[in-house]
Every structure is written in structure tokens, then in C-alpha cells.
Amino acid sequence: KQRVNHVVTEVTGEKEYMAKVIEVSSGDCIIVKPLNQTEEKRLYLASLRAPKLARRPDAQDDPWAFEAYEFCRKKLAGKKVKVVIDFQRPPFETATGNAPPPSDASGNMHYATLFYEGGKSNLNIDLVKQGLVALQYHRAEDDRADCYDDMIEAEKLAKDKKAGIHSLKDPPVHRVINLLGPNNSSRAKSFTESMKRSGQMDCIVEHVFNAGRFKLRVPSQNAQVSFALAGVKAPATARPGRPGNDEPYSHESTAWARELVMQRDGVACVVYQSDKGGNFIGQLLVRNESSKWVDYAELMLAEGCGHTQDFSLQGMANANTLIAIEKKAQEAKKGQWAHREAVQTEVEESVAESLGVVAISHVENAALFYVQRASLEAKLTDLMGKIAAAEGSCGDASTATRGNVVLAQFSADGCWYRAKVENKLIGGKGKGLFIDFGN
């Protein structure tokens, strides 16, 4: 219907495009990757408001939030959809003062209608019809979904049927056992044996930390677990709020894993053991197009998105297979192997330029040794003199914690040197590293 005094806002970029669904964030927020692009894009379903999922372990989902999320996940995850952008606008701050994440580099949110099942089904209308979302009521001058009138009719049907959020009955309650993180490690350990006995279990990947580590929901156990692959390791991104850099090829390998397994049906896990941190370790399986189960680790190694770990491979029946696949990827310079060669060359050139002439101060083993730069010899000599002069006048270091730099006495010569504390001191004694010499 034509609305009076309404000026249609022009959409920046493509109005319609095909995309692959990477993640369902909630019943009204979908992350897609346009088929003609490599970057993911966050979309908000136009003129809808879904019940909110809990974002903290101690919080509760809104009623019907899980049902709306599961409806979208089962219909969309990993599938192609047609995206129609209805309108765009800057984000509004929420009651907590936080603005939702934008959809593009300019900071705008993209509000869309999604068509799935080959374009035959309208997701926005179907969610309203199932009573899983609420219809947003707009002012006459507001932008809205192009199919808004059809959504009004769908809401009337849902109310007549008392479906979902319109039901007079108590909503379903979902309680999942949280086995995530070090705080739940004891609880996770108590589940290990039962999970090992269960063998292959269907699971849903709810988060990809990197290509080799995931958060899984295991329906048969009614549990959420942290899961790491046995025998292999993937490049890791830096943890938010913690020091450290992204490992080479970490973003590319994580994106590859998200596109392959994120929230998909047809994923299973086999638990071998759990570690002290509460992580379950084992095998992840993916059902391929021929409906056969394939070892995810083999796929990861073949794409160059990870590498084997000798100590973790011991006792694994497919160890030789994984090693052979890794070698083939290395020879073909797939994924991280092409990147690693370039990074290694860059590092070697940088070190050769920056260190100059050095003296070896300590040899730990054939692959690890410490050096002192000849250009800093005078400064080191001066520092040793100042330390010797300060002997006996320094404060008590018995309360020093890990990472603190203190003066420590070297037992071999009785002299004092700078040292970094590496574990908790007991009675003024503990393990440390003499940072100027490496021993």
C-alpha cells in the first residue's frame, strides 16, 4: 500500500544479492557472506523483533528466543539465500547504552528480507506466522519491510492460532548444562567417561574460536562444551582484552571453519579425553554431500588450515593419514604453508638486519639459544656495575609475582643479576629467567 508523506530511503550498495548463511546470531539477526564477496555481513530482519537470547552463562533466554533461533538455524545455516535490503539506518543505542554492531564500514545497519528454499519461502513472514517474533509497529514516515502488509496478515493468523509468543500456555523452558571454561573443569571431568562411552554424538558448533577449537552443543548430553581436535592444531587469533598477536593465517583458517561447520546439521563429535582446563579433546566429523562421515581434521589439514602435533598424535589410529595429508598440503603450499614461508623469510631478513653481530650467552638446546648484541655490550657492562653497587640496598622481593623483574643471585658465582619471576615465590625462592643472559 502507498503511504502518505513517506520518502523511500535510497539503499547504498546492492539492493538484492545472493549470499550464503554463515551464522544465525538470533531470531532476527543473520550473518551472511555474499557470493560475490569474501567478507561476512551482519543483517537485521526488517520490521521484526525477536526474543533475546541470553549472552551470559548466568542469564536466561527470553521466552521463545531459543525456538526462533532454532527455526532460523535449521532453515538457513550453510544454505544460500536471496537477500533484499529494505532500508538502512545508523544504529540506535539500546537501554544499556550499547549500539548493535553495524552491517557496513560506514556504520549503518542493513534491514533485510530473506528468501530461502530457492526463493520460494520468505523468512520474515514465516517467523511471524509461527509466532516466533513480534512485528514492529512503525510510524507512517518510517522505513519498513516491503512485505510489511503480508506480515500484518501473518501476525493475525498467528494470534488466532495462539502460536508461539501469542500462546496462553507457559513457554518451553530450556536448561543446558554449562561445561565451558576452567570454572567448570571438575564438572566437565565427571562427564568425560559417559561421553567416551557414547561414541559418536551429533552436535552443533555454536562458536568457532579457531579452526581447531570450538564451542559445541551436544543435545544427547544436554550440554555445552569446549572442544579441541586431537592430533592437530590451528593458528589462533589473539584473545580479546589480552596481550598477544594473531598467528599467521588465523583469520583465514577460522573463516574457512565457520563456513564449513558453523551451526550446521550433519556434524558429530567423538570424545577421547578432557584436560585440566575443562576442554574435551577428540574427533570432529562432518557429513559430506554423499552423506558419508568425513574426519574434519583431514579436511582442515588438506586446506592448510592447521598442522599436526607429534605428542597429541600418539596412539591415534589415523595418525599416518593425518601426517600424509599435512605433507601433501605443505608441498602444494596450501593455506598457512604458503603464508608461513613468506613470514619466515620476512622474519629472517628482519632479524639479520636488526641484531647485527651477537655473542651466544646461553644454549638451551639445539633449537633454542640466547644471544647478546655486540652493540649493547657497553650498556650491559654499565648495568652490571650499577647492580653490583646496589647490592644490599634493594627492597624485599619475596612478594614478587609472576612476570615481575627482580634482582636474583646466581648460585654459580654468587653475583646478582636481573631476573623475571616465572612462578610463585615461596620463602623468597622460585623459578626465574636471567633476562640479560637467558639462563
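Me: What makes the backbone at Lys333, just after α8, worth noting?

Reply: Lys333 takes a positive phi of about 55 degrees just after α8. The model is predicted: local features need pLDDT of at least 70, side-chain atom pairs count only at pLDDT 80 or more, and totals for chains, interfaces and linings use all residues. Residues are numbered from 1 along each chain as its sequence is written, and side-chain values use heavy atoms, with hydrogens and water left out.

Me: Why is α8 called a helix, and how does its span from first C-alpha to last stand against the expected one?

Reply: Helices are DSSP runs of H or I with at least four residues, strands are runs of E with at least two, and both are numbered from the N terminus. Helix α8 covers residues 319–332 and has 14 residues, so it meets the minimum of four. The expected span is 1.5 Å times one less than the number of residues; α8 reaches 20 Å, close to the 20 Å expected.

Me: Which residues of α8 are called buried, and why are they said to line one face of the helix?

Reply: Buried means under 20% relative accessible area, exposed over 50%, and partly exposed in between, with a 1.4 Å probe and protein chains only. The buried residues of α8 are Ala319, Leu322, Ile325, Glu326 and Ala329. Seen down the axis of α8, they fall within an arc of 130 degrees, so they line one face. The arc is that of the directions from the helix axis to the C-beta atoms. The face turned away from the buried side carries the exposed residues Asn320, Lys327, Lys328 and Glu331.

Me: How do you know that β16 pairs with β15, and in which sense do they run?

Reply: Two strands pair if DSSP finds at least two bridges between them. Seven bridges join β15 (residues 267–274) to β16, and the strands run antiparallel; therefore the minimum of two is met. Ser274 has Phe280 in β16 as its bridge partner. The two strands form a hairpin with four residues between them, and Gly278 in the turn has a positive phi of about 85 degrees.

Me: What makes β13 a further partner of β16?

Reply: Four bridges join β13 (residues 223–229) to β16, and these strands run parallel. Ala228 has Ile281 in β16 as its bridge partner.

Me: Why is Cys72 called buried?

Reply: The relative accessible area of Cys72 is 0%, which is under the 20% limit, so the residue counts as buried. Cys305 is also buried, at 2%. A disulfide is a pair of cysteine sulfur atoms within 2.5 Å, and the structure holds zero disulfides.
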